[in-house]
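Colleague: I would like to go through the labels attached to this model and hear the reasoning for each. Please start with the helix packing.

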Amino acid sequence: MVNFQQLVNTYKGKKVFLTGHTGFKGAWMLKTLSLLGAEIKGYALETQTQNDLFHLIEGKKLCQSVIADLRDKERLESEIVAFQPDFIFHLAAQPLVRLSYEIPAETFEVNVIGTANVLNGVKRLQKKCSVVLITTDKVYYNNEWIYPYRENDRLGGYDPYSASKACAELLIDSYRNSFFNVKDYDKHLKGIAVARAGNVIGGGDWSKDRLIPDIVRSLMINNPIVIRNPNAVRPWQHVLEPIVGYLSLGMHLENEPLNFSQAYNFGPQSEDALSVAEMVQLAIDSWGSGEYQIENESNQPHEAGLLKLDISKVKSELNWIPKMKAIETVQFTIDWYKNFKYDILNVNDFTTHQILSFLND
């Protein structure tokens, strides 16, 4: 397993271009990279509220923050070229399944064309650069079977979000073959890897129609938690698990680009792929009170019922394994929200504490 000092040795003083730095996952990545001593340039849309994690960690002080759209091809390419990054982590996306039913065309534009715009910027770089593109566990054609999906399984997607991410993977594969082929590495000097992560949870997520934010909003005001699909099984993991995985992949890609320019799954151990109802009960237990009820809407949009990831590849090739069990993951997350509720002025320090305790564990 990669350790803190290895990551410091890799990223300290290096230029890292991070898309999606104002989002939930991106803000955790931003804070982690800053603690590793990286020089960071972020590119993302504006935040939605003052309670977003980016503001709570004083994100503007941690990076050169560019507020712009992935679909602005000229702006994105020029920002990448001007920065001359050593690493690029592409996290920006339209990440919500239910919202993708409301804005399908925009979802495809952001997730597919936005990814193409990032790679066009990479094409214009005349230097070595290691690029990690983050997609999702939902890129797999979901057969609703009990077997965990492996990196070479069929890609596909029922809902617009999942389909857009599968399309993005096809695009990445095309660009990698056409412009960043490992056979021509000495000419282009680009390593291109893909990271597929399962459902992440953690402090600072306030997104609509996500399980933990819905749970916390209800718990904070003592309302019953309303859940839609109690039996749906997901590969839940704390947000720091895949972030360390991405950083580890970036490190390996930097050192051995010919061997690591491929796709990797990042998820929990198989026994920690829990149902929605199980996750809700763990959250209630961690909070110390609460109850839930099941929403009986017959016209809900389709969401996958069963999804697990096979993580044997990252275990063997990256020596990456998840650190926390499900109960620890939920407790770690709920602790953050308790800190937010009762000691909001300490949230930045508490976030730092959680990252450092995780990295040094």
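Modeller: The crossing of α10 and α15 is right-handed. The model is a predicted one.

Colleague: Why are α10 and α15 called oblique to each other?

Modeller: The axes of helix α10 (residues 240–255) and helix α15 (residues 347–359) cross at roughly 60°. Oblique is what remains outside the ranges under 35, over 145 and 65 to 115 degrees. The angle of roughly 60° is in none of these ranges, so α10 and α15 are oblique. Their axes come within 11 Å.

Colleague: Which residues make the contact of α10 and α15?

Modeller: Leu240, Glu241 and Val244 take part from α10, and Gln354, Ile355, Phe358 and Leu359 from α15. By class, these residues are five nonpolar, one polar and one charged.

Colleague: What makes α9 oblique to α14?

Modeller: Helix α9 (residues 211–220) and helix α14 (residues 326–342) have axes that cross at roughly 45°. That value falls outside the ranges under 35, over 145 and 65 to 115 degrees, so α9 is oblique to α14. The axes come within 11 Å, and α9 passes α14 in a right-handed crossing. On the α9 side the contact is made by Ile212, Val216 and Met220; on the α14 side, by Thr333, Ile334, Tyr337, Phe340 and Lys341. The contact of α9 with α14 has six nonpolar, one polar and one charged residues.

Colleague: How do you know whether Thr333 is buried or exposed?

Modeller: Buried requires under 20% relative accessible area. Thr333 has 1% relative accessibility, so Thr333 counts as buried. Thr333 is in helix α14 and touches Ile201, Gly202, Gly203, Ile212 and His238, leaving aside residues up to four places away in sequence. Ser174 is elsewhere: Thr333 and Ser174 are 38 Å apart, C-alpha to C-alpha, and 159 residues apart in sequence.

Colleague: Turning to the rings, how many aromatic pairs are there?

Modeller: The count is 14 aromatic pairs. One of them is Phe17 with Phe83, at 6.5 Å centre to centre and 55° between the planes.

Colleague: Why is the pair of Phe17 and Phe83 called tilted?

Modeller: Stacked needs planes under 30 degrees apart and edge-to-face needs over 60. The 55° between the planes of Phe17 and Phe83 meets neither condition, so the pair is tilted. Phe17 lies in strand β1 (residues 15–19) and Phe83 in helix α4 (residues 73–83), so the pair ties together parts that are 66 residues apart in sequence. Phe17 is buried at a relative accessible area of 0%, and Phe83 is buried at 5%.

Colleague: What makes the pair of Trp206 and Tyr337 edge-to-face?

Modeller: Their planes are at 85°, with ring centres 5.3 Å apart. The cut-off for edge-to-face is over 60 degrees, so the pair qualifies. Trp206 lies in the loop between β7 (200–201) and α9, and Tyr337 in helix α14, so this pair ties together parts 131 residues apart in sequence. Ring pairs also link Trp206, Trp336, Tyr337 and Phe340 into a cluster.

Colleague: Why does Glu58 count as partly exposed?

Modeller: Partly exposed lies between the limits of 20% and 50%. Glu58 has 38% relative accessibility, so that label applies. Glu58 sits in the loop between α3 (53–56) and β3 (64–67), and has a positive phi of about 55° although it is not a glycine.

Note on methods:
Residues numbered from 1 in each chain as written. Predicted model: local features only at pLDDT ≥ 70, side-chain atom pairs only at ≥ 80, totals over all residues. Heavy atoms only, no water. Axes fitted to C-alpha atoms, helices over the stretch in contact; angles between N-to-C directions. Helix = DSSP H or I, 4+ residues; strand = E, 2+ residues; numbered from the N terminus. Left-handed = near helix turned anticlockwise from the far one by under 90°. Contact = heavy atoms within 4.5 Å. Nonpolar A, V, L, I, M, F, W, Y, C, P; charged D, E, K, R; others polar. Buried < 20%, exposed > 50% of the residue type's maximum accessible area, 1.4 Å probe, protein only. Phe/Tyr/Trp six-rings, centres within 6.5 Å; stacked < 30°, edge-to-face > 60°.
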